[in-house]
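Colleague: I'd love a close look at one part of this model, please: the place where chain A and chain B meet. Start with whatever background you need.

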Amino acid sequence: MGRRSPWRLLALVGPLAAWLLIFEVIPLVLVLAVSFMRRGVQGPIEVTFTLENYARFADPLYVRILADSLWIALVTTAICLLVGYPFAYYACQQPPERRARLLGLVILPFWTNMLIRTYAWIVLLRSNGLVNNVLRGAGVIQQPLELLYTREAAVLGLVYALLPFMILPLYASIEKLDWRLVKAAQDLGASPARAFWRVTLPLTMPGVVAGSVLVFVPSLALFYISDLMGGARAVLIGNLVQRQFTQARDWPFGAAASVILTVVSLLLIFVYVRYLSPDQGEEGPRA
Amino acid sequence: MSAGRRGGWLAAHSLLTLAFLWVPIAILIAFSFNTSRVNVVWQGFTLDWYGELFRDVEVLRATRNTLVVAAASTLLSTILGTMAAFALTRHRFPGRRIMEALLYVPVVLPEIVLGISLLATFRLLSMNLGLLTVILSHVTFCTPFVALVVRARLHGLDPSLERAAMDLGADEWTTFRRVTLPLVLPGIVAGALLALTVSIDDFIITFFTAGPGSTTLPLHVFSMVKFGVSPKINALSTLMLIITLGLAWGSDRIRSRSAGRDGAAEAGPAPYLDLTR
């Protein structure tokens, strides 16, 4: 393949390289640069160098928002893991056909629009929604419960949207598990619980890590879910970024927030890639 | 027996999980056929809300915008993504690793980051936000999906087929046209359908890069939901669910069927989710 002409290679790579440069590298570098600038009087920005946008995150108000957002993401990830692991484990123990069907039922909602799936919960949870009406009809409550616009509702919305992202890598990981090892542990006298903690779980850690990263990162950013379901009670880093660019029109501060979001995401993705490679990442067919 | 009891517990949990995933969608769809405007109790079957959709000028305009954006960005991203797949799989060149990393950045980075970055860039270039800016943005995040699917297909290709064609006297172009392309085509089609799906579905990046005249369906749904719940939104949502599910299903079928037929790399569960591949 080395004898092909460099012009053909350039024709193949050039357009893509140009596209990535113009619509990805430059925009991302621009936002990084803007995060060190000041909000402009005429235009959106004034070109200078300052660290004040980052310094603002020392303000207790923003410390709380960051901490809240991280906490919401953590709770969302934990719930997805607790719900997803037993499901993936169960699916892997089924005969192939049933297994494919179970997995298909998880993948399908993954392909449907998250916004629409969020709306589905609003239909259920709003004060005049199905849940409140059923409860009132059954005489359990007199006044409708305030189910929407709480932090719990925001977490529910995120779990609902992101659960497939947890289940799929878990499934991939558990499916590869060599069950003979679990059996061996039990034959050697380990209780099922001990065999799970000492053998099954450690061997399926790549799936746990992958799923957790894939859930945690979007949980920091999916601003419309917290907006529609959590209202003012659940402000994610994503909401902070969105408001600076739409309502507040403070680009530099929004840019700084999105740089923080990017750094957190990239760190986690780095952990994930490091964890999976080199011995587990490019795994060939097992001999 | 304890194993049996554990199995029962797991089965019940899995059933509940599936119910959790599907019941809200089922109720959403059911209420799109409900005569009651307030969406609370079942009163009777009707198709009125669907009829109302087709008379709603804004919905029709958003539909047209969505289709224009999806068509243009699918076409462009399929070309770019296929080129990327060939370049990365078949060639060694300086900057290859960097390009590979950059290509997949939109998949792993929170969408909002790319959204505001593109917004800032378009604004500073004094571009008016409109269909063009939306299309350019969609191509940027659709391309990696095409590249991932086509690469998986290229990886599974048996190189001896191409060598055989060359040995039998076909020149490079003929080999490409008559052997390589037909073998890779299912991957390209599956990638294109995937691009179409993510383009039609995208909310976040479109939210930042669309202007007043270029509202797409997800953006329109968002503004309707902010306004309140109505069976019309249920009807629109139902149609969008059907369309994207159909497209995703089609893409999956093409990938798995062609993989099974000529022994290309097995299409595992969602290869686009496996970031290490």
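Modeller: Happy to, beginning with chain B itself: of its contacts (heavy atoms within 4.5 Å) with a separation of 6 or more, 69% are between residues 24 or more positions apart. This is a predicted model, in which local features need pLDDT of at least 70 and side-chain atom pairs count only at pLDDT 80 or more, while totals for chains, interfaces and linings use all residues. For bookkeeping, residues are numbered from 1 along each chain as its sequence is written, chains are lettered from A and ligands numbered from 1 in the order in which they are written, and side-chain values use heavy atoms, with hydrogens and water left out.

Chain B has 11 helices and zero strands, where helices (H or I, at least four residues) and strands (E, at least two) are DSSP runs numbered from the N terminus. Its C-alpha atoms fill a box of roughly 70 × 70 × 30 Å along the principal axes. Of its 277 residues, 56% are buried, meaning under 20% relative accessible area, with exposed set at over 50% and partly exposed in between (1.4 Å probe, protein chains only).

Now to your interface. Chain A brings 86 residues to the contact and chain B brings 84. Together they bury about 7,800 Å², with 80% of that area coming from carbon and sulfur atoms; buried area here is the accessible area (1.4 Å probe) that two parts lose on being put together, summed over both. Trp19(A), Trp111(A) and Tyr119(A) supply 11% of what chain A buries against chain B, more than any other three residues.

There are polar links too. Two salt bridges are counted between the chains, each a side-chain nitrogen of Lys or Arg within 4 Å of a carboxyl oxygen of Asp or Glu. Asp227(A) pairs in this way with Lys226(B), their closest N and O atoms being 3.0 Å apart. Nine residue pairs across the interface, both at pLDDT 80 or more, are in polar contact. That term means N or O atoms within 3.5 Å; within protein, one must be able to donate a hydrogen and the other to accept it, and residues adjacent in sequence count only if both atoms are side-chain atoms. Helix H1 of chain A (residues 6–34) gives the most to the side touching chain B, with 17 residues. That side of chain A divides into 65 nonpolar, 12 polar and nine charged residues, taking Ala, Val, Leu, Ile, Met, Phe, Trp, Tyr, Cys and Pro as nonpolar, Asp, Glu, Lys and Arg as charged, and the others, Gly among them, as polar.

Let's follow the salt bridge back into its helices. Asp227(A) is one of the buried residues of H11(A). Eight of the eight residues of that helix (residues 223–230) are buried, so H11 of chain A is largely enclosed by the rest of the structure. Gly231(A) follows H11(A) with a positive phi near 60°. In chain B, helix H10 spans residues 217–227 and has eight of its 11 residues buried, so H10 too is largely enclosed by the rest of the structure. Among those buried residues are His220(B), Phe222(B) and Met224(B). Just after H10(B), Gly228(B) has a positive phi of about 150°.
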